[in-house]
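Let's take a walk through this protein together, one piece at a time. Have the fold in view and follow along.

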Amino acid sequence: MTTLPPERISTPDTHRHRDVAESFGADAERYDRTRPPYPDALIERIIAGSPGRDVLDIGCGTGIEARQFQAAGCRVLGVEPDGRMAAFARGTGVDVEVATIEDWNPAGRTFDAAVAGTAWHWVDPVAGAAKAARVLRPAGRLAVFWHVFQLPDEVTDAFVETYQRVAPDSPFNVRAAGQAAKQGLDAYQPILDKAAAGIEKAGGFAAPEQWRFEWERTYTRDEWLDQMPTQGTLTRLPADQVAEVLDGVGAAIDALGGAFTMPYATVTVTATRRAPE
């Protein structure tokens with residue numbers, strides 16, 4: 001089973017909460033170090049289904065997927081609204097321009113693929129798809145993707161209980177997210193449907209399709225607690241409150257033997273650019 005990303009907010013208009021999206025740069029190094037890369041099979045399939053190797057990475061963050069595309073022989077331009085994340089990505093060899101995709105000026109440039117890794121929920125789904133259609137070459141591919149993961153129930157419950165006690169006034173509906181975590185991938189389907197609907201409404205694309213890649217990773221207690229402060233539920237909390245949440249989750253992982261194996265599914269909504277009529 002899989003779960004919703006912990007940064008999901010209790011509103012269908014997640015892209016309007018730019019303040020949360022732009023909080024991840026507070027510790028860009030930790031974000032880059034702890035967030036997992038994407039399956040090689042996904043990268044390879046996007047490249048194989050595109051007419052060339054010029055890639056636009058929308059909301060590229062610290063450059064995690066950008067570097068994967070570069071390693072596969074692609075030329076990548078990132079667009080990232082958070083200057084701190086963009087600076088980190090540049091330091092790793094990724095060319096990045098600072099802007100939201102909605103406001104970004106392509107200046108006549110075109111691409112073979114436009115991708116967004118764990119970022120499209122911060123983008124207006126229609127305006128973002130329309131901009132992608134504008135810059136993609138005929139048969140170019142738009143691919144937006146997320147990691148969906150399944151924490152052990154004990155870890156999810158410890159997070160929800162501790163977070164609600166520490167931050168009762170938070171705008172994040174962590175109890176709803178915790179409940180959705182136990183419903184499987186179906187609970188994530190609304191985000192995928194919203195992305196597909198935005199692509200269809202923007203026009204210029206063939207019918208969207210969904211891809212799914214399953215894998216798993218084992219985390220020690222310290223490894224998972226190291227990643228947690230990069231989640232949107234925690235990036236704006238004071239350090240002492242974050243520490244309390246980590247203590248609660250850490251105790252739950254200790255009770256499981258100090259580690260757990262997490263099933264992941266990397267899910268993708270993708271469509272190809274139709275040739276102009």
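Start with β1, α4 and β2, which together make a right-handed β-α-β unit. Keep in mind that what you're looking at is a predicted model. The two strands of that unit, β1 and β2, run parallel and are joined by five bridges. If you'd like one of the rungs to look for, D54 has R75 in β2 as its bridge partner.

Carry on from β2 and you meet the next unit: β2, helix α5 (residues 83–91) and β3 also make a right-handed β-α-β unit. Here β2 and strand β3 (residues 95–98) run parallel, with four bridges joining them. One pairing to find is E80 with its bridge partner V98 in β3. So how much of β2 is buried? Five of its six residues are, so β2 is largely enclosed by the rest of the structure.

Now back to the helix of the opening unit. Helix α4 covers residues 64–71, and its buried residues are I64, E65, A66, Q68 and F69. An α-helix has 3.6 residues a turn, so residues three or four places apart point the same way. What covers the buried residues of α4? The cover includes α2 (28–34), α3 (40–48), β1 (54–58), β2 (75–80) and β4 (111–117). Following α4 comes G73, with a positive phi near 95 degrees.

Time to step back for the whole chain. It has eleven helices and seven strands, and 55% of its 277 residues count as buried. Among contacts with a separation of 6 or more, 79% are between residues 24 or more positions apart. As for the outside, the chain exposes about 11,500 Å², and carbon and sulfur atoms supply 49% of that.

What about the inside? The largest nonpolar core has 34 residues, and the ones touching the most other members are L56, W104, W120, L142 and W146. β1, β2, β4, α6 (125–135), β5 (136–149), α9 (189–202) and β7 (259–272) each supply at least two residues of this core. Take L142 as an example: leaving out residues up to four places away in sequence, L142 touches A114, W120, A129, A132, L136, I199, F205, V269, T270 and A271. There's also a second, separate core of 25 residues, and A66, A89, V94 and V96 are among them. You've already met A66, as one of the buried residues of α4.

Next, the aromatic rings. A pair of aromatic rings is described by the distance of the centres and the angle of the planes. How many aromatic pairs does the structure hold? There are ten. One of them is W146 with Y188, an edge-to-face pair at 6.2 Å centre to centre, with 65 degrees between the planes. This pair links distant parts of the chain, as W146 sits in strand β5 and Y188 in the loop between α8 (174–181) and α9, 42 residues apart. Are these two buried or exposed? W146 counts as buried because its relative accessibility is 1%, and Y188 counts as buried at 1% too.

Another edge-to-face pair is F149 with W224, where the centres are 5.9 Å apart and the planes are at 70 degrees. Again distant parts of the chain are linked: F149 belongs to strand β5 and W224 to helix α10 (residues 221–227), 75 residues apart. F149 counts as buried at 8% relative accessibility, and W224 does at 2%. Both residues belong to one aromatic cluster, which F149, W215, Y219, W224, F260 and Y264 form.

Finish with two spots further along the chain. T272 is in strand β7, and it counts as partly exposed because its relative accessibility is 23%. Setting aside residues up to four places away in sequence, T272 touches A139, G140, R141, G204, F205 and A206. Its C-alpha atom is separated by 9.0 Å from that of A133, though the two residues are 139 residues apart along the chain.

The other spot is A255, in helix α11 (residues 239–255). Is A255 buried or exposed? With a relative accessible area of 67%, A255 is exposed. From C-alpha to C-alpha, A255 and E154 are 8.9 Å apart in space, while in sequence they are 101 residues apart.

Terms used: Residues numbered from 1 in each chain as written. Predicted model: local features only at pLDDT ≥ 70, side-chain atom pairs only at ≥ 80, totals over all residues. Heavy atoms only, no water. Buried < 20%, exposed > 50% of the residue type's maximum accessible area, 1.4 Å probe, protein only. Contact = heavy atoms within 4.5 Å. Core = buried A, V, L, I, M, F, W, Y, C linked by side-chain atoms within 4.5 Å. Phe/Tyr/Trp six-rings, centres within 6.5 Å; stacked < 30°, edge-to-face > 60°. Areas by Shrake-Rupley, 256 points an atom, 1.4 Å probe, with all protein chains shown as cover. Pairing = 2+ DSSP bridges. Right-handed = clockwise from strand over helix to strand, strands pointing away.
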